[in-house]
Amino acid sequence: MAKEEPPSTSKDLQELQRKLSLLIASVQSNSKVVSFMKSPVGQYLDRHPFLTLTLLVFVALSAVPVGFFLLLVVLTSLAAFVGVILLEGCC
């Protein structure tokens, strides 16, 4: 019985790099991205990559607590609605 060799890590990394480069190319060729990058804000962020990364990380990390807060608001409203229906009765 012959053993099958696992796929090479180098080939996996090359495949991942190819997929990532295709993804980046598709994002960069998007018309909305192109128009944003031609705007003054896009050009400024292109010239200041550290600021861009900081802004991106800040927005991504602040989205989590904001999402939890909105979820809490929805669940509280739903619980209050169900409580009113149960306490007041349907009729």
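**Note on the predicted model: helix 4 and its surroundings**

1. The end C-alpha atoms of residues 55–87 lie 47 Å apart, and this span is 100% helix and 0% strand. The model is a predicted one. The UniProt record, an unreviewed entry, places the feature "transmembrane region" at residues 55–87.

2. Helix 4 covers residues 49–88, 40 residues in all. From first C-alpha to last, helix 4 reaches 58 Å. That is close to the 58 Å expected at 1.5 Å a residue.

3. Where does helix 4 bend? The bend is at Ala63, by about 25 degrees. A proline, Pro65, follows within four residues. Just after helix 4 comes Gly89, with a positive phi of about 85 degrees.

4. A nonpolar patch lies on the surface. Its members are Val64, Phe68, Leu71, Leu75, Leu78, Phe81, Val82, Ile85 and Leu86. Together they have about 910 Å² of accessible area. On spacing along a helix: an α-helix has 3.6 residues a turn, so residues three or four places apart point the same way.

5. Three patch residues deserve a look, including Leu75, Leu78 and Ile85. Leu75 sits in helix 4. Its relative accessible area is 48%, so Leu75 is partly exposed. Leu78 also belongs to helix 4. Leu78 is partly exposed because its relative accessible area is 48%. Ile85 is another residue of helix 4. At 38% relative accessibility, Ile85 is partly exposed too. For the patch, the cut-off is over 30% relative accessible area.

6. How far apart are Leu78 and Phe36 in space? Their C-alpha atoms are separated by 39 Å, with their positions 42 residues apart along the chain. For Leu75 and Asn30, the C-alpha to C-alpha distance is 37 Å at a sequence separation of 45 residues.

7. Val34 offers a view from helix 2, which spans residues 31–38. Val34 has a relative accessible area of 30% and is therefore partly exposed. The C-alpha atoms of Val34 and Leu70 are separated by 32 Å. Along the chain these two residues are 36 residues apart.

8. How many salt bridges does the structure hold? It holds one. The partners are the side chains of Arg18 and Glu15, at 2.7 Å from N to O. Side chains of opposite charge can pair when their charged atoms come close.

9. Both partners of the salt bridge, Arg18 and Glu15, lie in helix 1, residues 9–28. They are three residues apart, about one turn of the helix. Are the partners buried, exposed or in between, and what are the values? Arg18 has 42% relative accessibility, so it counts as partly exposed. Glu15 has a relative accessible area of 33% and is likewise partly exposed.

10. In short, helix 4 reaches 58 Å with 40 residues, and helix 4 bends by about 25 degrees at Ala63. The surface patch of nonpolar residues includes Leu75, Leu78 and Ile85. The one salt bridge of the structure joins Arg18 and Glu15, both in helix 1.

Key
Residues numbered from 1 in each chain as written. Predicted model: local features only at pLDDT ≥ 70, side-chain atom pairs only at ≥ 80, totals over all residues. Heavy atoms only, no water. UniProt positions renumbered as here; feature names shortened; annotations may be inferred. Helix = DSSP H or I, 4+ residues; strand = E, 2+ residues; numbered from the N terminus. Expected span 1.5 Å × (residues − 1). Bend = angle between axes of the 7 residues up to and from the residue. Buried < 20%, exposed > 50% of the residue type's maximum accessible area, 1.4 Å probe, protein only. Patch = residues over 30% accessible without salt bridge, like charges linked within 9 Å, V, L, I, M, F, W, Y side chains within 5 Å. Areas by Shrake-Rupley, 256 points an atom, 1.4 Å probe, with all protein chains shown as cover. Salt bridge = Lys/Arg side-chain N within 4 Å of Asp/Glu carboxyl O.
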